[in-house]
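Grab a pencil and work through these short exercises with the structure open beside you. Try each task yourself before you read its solution.

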Amino acid sequence: MSILESLIMGLVEGLTEYLPVSSTGHLIITQYLLGMEDSDAMKAFEICIQGGAILAVLGLYFQRVAAMVRGVLGKDAAGFRMLVNTVVAFLPAAVIGLLCNDYIKDYLFNAPTVMISWAVGGIVILLYVQARNKSGKGFGGAPLEQLTWKGALGVGFMQCIAMCPGVSRSLMTMLGGLCVGLSVAAAVEFSFILGLITLGAATCHDAVKYGSHMVEDIGWSPMIAGTVMAWASAWVAVKWMVGYLNKHSLAIFGWYRLAAAAVMLLLILNGLEVKADTKPAEEPQAAEVQE
């Protein structure tokens with residue numbers, strides 16, 4: 001892999017990881033267009049460059065994370081509740097992913113699945129936005145501090161739906177937060193915070209298991225370049241999305257997903273073939289829990 005290719009992969013990863021559009025499909029298309037070969041090292045690289053995106057969110061929400069750390073030390077009750085809620089929300093993906101991991105990798109990691117997931121997700125977003133507007137809820141709802149462990153568990157089960165490639169972890173956790181009564185801002189923030197542990201688990205798992213393969217097949221320079229690019233692009237994407245959703249609905253992402261599904265369909269008709277297990281875990285799966 002060249003430095004340029006790693007920068008492109010990092011850019012795509014960072015821009016799409018936390019947006020409700022699914023990074024899996026975008027990375028599939030990127031690999032196809034760049035003519036990159038599939039390998040264990042490449043699969044692991046696609047997971048590990050998430051480290052850059054994780055660092056971006058860690059920096060943007062440092063105060064929230066610091067409060068959780070103080071909670072562990074018994075110095076911040078609200079921070080401790082947030083930590084408990086985050087762990088509770090993570091557990092369903094860890095347990096269900098462990099049971100379904102092999103099936104998902106064998107049968108769902110392919111371009112048609114991503115295309116269908118993009119389209120269905122887009123329709124769901126548009127229908128939800130329409131229903132929410134009719135209900136008069138708008139951007140309103142409870143702040144993150146009022147999230148209960150039961151609500152967090154509900155978000156966690158919603159996250160499990162994102163095990164299907166193309167669905168998007170961010171989309172399901174945001175919708176989950178809204179469904180349990182959070183405001184748009186609170187649902188988005190909890191999605192990001194939950195992503196730290198969910199994506200972090202996948203990154204650490206693959207870094208330990210495939211680290212030597214990545215160093216040998218890809219090299220340190222491309223790995224570092226891709227990770228840094230993922231950090232920079234994720235920082236920009238998260239800042240933009242938070243600002244955008246403070247004034248607008250999720251509808252733009254629904255229309256984008258429908259357009260992306262159409263592009264994927266054209267690529268499939270043009271000969272795009274993606275075999276199962278193309279990418280170990282863009283969405284949460286057992287120890288490789290992840291988007």
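**Exercise 1: Two packed helices**

Helix α8 (residues 149-161) and helix α9 (residues 169-179) pack with their axes 8 Å apart, at an angle of about 150°. Keep in mind that this is a predicted model.

Task: Work out how α8 and α9 run relative to each other.

Solution:
- Step 1. Two packed helices are described by the angle between their axes and the distance between the axes.
- Step 2. Take the angle of about 150° between α8 and α9. Angles over 145 degrees count as roughly antiparallel.
- Step 3. So α8 and α9 are roughly antiparallel to each other.
- Step 4. For the handedness, α8 passes α9 in a right-handed crossing.

**Exercise 2: Who meets whom?**

Task: Find which residues of α8 and α9 meet, then sort the contact by class.

Solution:
- Step 1. On the α8 side, look for Val155, Met158, Gln159 and Ile161.
- Step 2. Their partners in α9 are Arg169, Met172, Thr173, Leu175, Gly176 and Gly177.
- Step 3. Sorted by class, the contact of α8 with α9 has five nonpolar, four polar and one charged residues. Gly counts as polar here, so put Gly176 and Gly177 of α9 in that group.

**Exercise 3: Buried or exposed?**

Task: Decide whether Val87 is buried, partly exposed or exposed.

Solution:
- Step 1. Find Val87 in helix α6 (residues 77-107).
- Step 2. Its relative accessible area is 33%. Buried means under 20% and exposed means over 50%.
- Step 3. Val87 is therefore partly exposed.
- Step 4. Now check Leu194, which lies 107 residues from Val87 along the chain: their C-alpha atoms are separated by 8.1 Å.

Task: Find out what the buried residues of helix α4 (residues 50-60) pack against.

Solution:
- Step 1. Pick out the buried ones: Gln50, Gly51, Gly52, Ala53, Ile54, Ala56 and Val57.
- Step 2. These pack against α1 (3-17), α3, α10 (184-217) and α11 (220-245).
- Step 3. Zoom out to the whole protein: 55% of its 291 residues count as buried, and it has 12 helices and zero strands.

**Exercise 4: How far to trust it**

Task: Say where confidence is lowest and where it is highest among the helices.

Solution:
- Step 1. Start with the protein as a whole: the mean pLDDT is 85, and 89% of the residues reach 70 or more.
- Step 2. Helix α3 (residues 40-48) is lowest, at a mean of 76, while α8 is highest, at 94.
- Step 3. Over residues 275-290 the pLDDT is below 50, though this stretch has 97 contacts in the model beyond near neighbours in sequence.
- Step 4. Where pLDDT is low, the predicted coordinates should not be read in detail.

Methods:
Residues are numbered from 1 along each chain as its sequence is written. This is a predicted model: local features need pLDDT of at least 70, side-chain atom pairs count only at pLDDT 80 or more; totals for chains, interfaces and linings use all residues. Side-chain values use heavy atoms; hydrogens and water are left out. pLDDT is the predictor's confidence in each residue, from 0 to 100. Helices (H or I, at least four residues) and strands (E, at least two) are DSSP runs, numbered from the N terminus. Contact means heavy atoms within 4.5 Å. Axes are lines fitted to C-alpha atoms, for helices over the stretch in contact, and angles run from 0 to 180 degrees between N-to-C directions. Angles under 35 degrees count as roughly parallel, over 145 as roughly antiparallel, 65 to 115 as roughly perpendicular and the rest as oblique. A crossing is left-handed if the near helix is turned anticlockwise from the far one by less than a right angle, and right-handed if clockwise. Buried means under 20% relative accessible area, exposed over 50%, partly exposed in between (1.4 Å probe, protein chains only).
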